[in-house]
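Welcome, and thanks for taking a look at this one with me. Below are a few points I would go through with the model open beside you.

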Amino acid sequence: LITGGAGFIGSALAWELNRRGCERLILADRLGTSDKWRNLAALRFEDYLEAEDLLPRLAAGQLGEFDLVLHMGACSATTERDATYLLRNNYEFTRRLGEWALGADTRFVYASSAATYGAGENGMNDEVSSLDDLYRLRPLNAYGYSKHLYDLHAAREGLLDRMVGLKFFNVFGPNEDHKGDMRSVVRKAYEQIQERGTVELFRSHRPDYADGMQERDFLYVKDAVQMVMHLALNSDAAGLFNLGSGRTHTWLDLTNAVFDAMDIPTDIQFIDMPEPLRARYQYYTCADLSRLRASGYKEEPWPLAEAIDDYDKVYLRVDK
């Protein structure tokens with residue numbers, strides 16, 4: 001079972017399972033009026049369900065037995081202000097699905113987020129030796145809090161030793177077009193360059209960061225998928241795991257790489273960050289991958305420039 005199965009990471013996981021010979025998949029999502037359905041076209045699966053139908057049908061035993069649940073479905077908009085919606089969709093749904101999976105002796109792997117770390121003032125280490133390690137985190141937005149709340153619930157109830165939570169950092173790659181404003185800056189930069197030959201980046205509103213020098217941990221979705229599958233299929237893996245490259249790059253690094261991939265001279269313009277975002281903006285993220293490495297994951301992530309070049313030439317140009 002893959003929730004968010006038509007979404008960015010969910011559809012990539014379905015593609016990887018297909019590539020490995022697995023087609024006995026149930027995909028659940030909310031398609032609505034978006035073009036997200038296009039992400040399903042190349043996939044092989046047994047059934048599709050709208051998210052609202054999933055839990056009732058699982059509870060009624062109408063979908064059979066599952067070996068694995070990959071719960072990627074969520075509202076991932078960091079600008080979403082409806083906290084009630086976020087808690088129902090991201091926290092309550094995850095709690096109910098997790099309870100069902102553990103009750104059915106089904107492996108449960110769910111998407112958390114690096115947004116749970118907030119500004120990073122308390123570090124970005126995924127080791128949870130006590131509840132205090134989680135309680136000290138301060139997410140900067142309601143989305144991050146909705147993810148953090150389930151991490152806390154799973155830890156408090158002693159569930160983390162029976163499941164895997166994935167703290168995704170800044171993931172980019174194919175199948176993200178439907179995300180609108182939540183698309184990666186790689187995707188947005190590509191469109192801006194095509195339309196007007198320049199890219200707009202937010203100015204820094206902190207004196208310790210120059211414009212464009214804000215740092216993030218960027219992860220190609222192809223790496224994210226391999227990391228998820230490693231943890232999902234490793235029965236000894238349990239708890240929270242950071243999923244990132246373990247490296248930092250600035251927005252200038254990323255944008256310059258997009259211009260290079262497109263063979264166009266760099267032209268960057270800085271604009272003011274909207275006032276409501278300034279207090280909720282992460283200036284630095286970097287995944288500590290110690291636990292992922294200790295679980296046996298040995299692959300090295302794509303270098304940023306090579307990943308952007310692959311995304312551009314293999315997917316974005318083909319889409320046009």
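Which side chain of opposite charge is nearest to Asp-126, and how many Å away is it? Point 1 takes this up, after a word on the source. This is a predicted model, in which local features need pLDDT of at least 70 and side-chain atom pairs count only at pLDDT 80 or more, while totals for chains, interfaces and linings use all residues. Residues are numbered from 1 along each chain as its sequence is written, and side-chain values use heavy atoms, with hydrogens and water left out.

1. The nearest side chain of opposite charge is that of Arg-291, 4.7 Å from Asp-126. Lys and Arg count as positive and Asp and Glu as negative, with His and the chain ends not counted. Asp-126 is buried yet has no salt bridge (a side-chain nitrogen of Lys or Arg within 4 Å of a carboxyl oxygen of Asp or Glu). Buried means under 20% relative accessible area, exposed over 50%, and partly exposed in between, with a 1.4 Å probe and protein chains only.

2. Do look at what surrounds Asp-126. Its side chain reaches the backbone nitrogen of Asn-242 at 2.6 Å. Leaving aside residues up to four places away in sequence, Asp-126 touches Tyr-117, Leu-240, Phe-241, Asn-242, Asp-288 and Arg-291 (contact means heavy atoms within 4.5 Å).

3. Next, the interior. The largest nonpolar core has 72 residues, and Leu-70 and Phe-168 have the most contacts inside it. Helix H7 (residues 221–233) gives the largest share of this core, eight residues. Another core, of 25 residues, lies apart from it and includes Tyr-220 and Leu-316. Such a core is a set of buried Ala, Val, Leu, Ile, Met, Phe, Trp, Tyr and Cys residues joined through side-chain atoms within 4.5 Å. Helices (H or I, at least four residues) and strands (E, at least two) are DSSP runs, numbered from the N terminus.

4. Gly-173 sits in the loop between strand E7 (170–172) and helix H6 (185–196). Gly-173 counts as buried because its relative accessibility is 0%. Beyond residues up to four places away in sequence, Gly-173 touches Phe-8, Tyr-220, Val-221 and Tyr-311.

5. Finally, two backbone angles to check. Most residues other than glycine have a negative phi. Asp-105, however, has a positive phi of about 55°, and Asp-263 has one near 60°. Asp-105 is exposed, at 72% relative accessible area, and Asp-263 counts as exposed at 62%.

Notes:
Polar contact = N/O pair within 3.5 Å; in protein donor to acceptor, adjacent residues only side chain to side chain.
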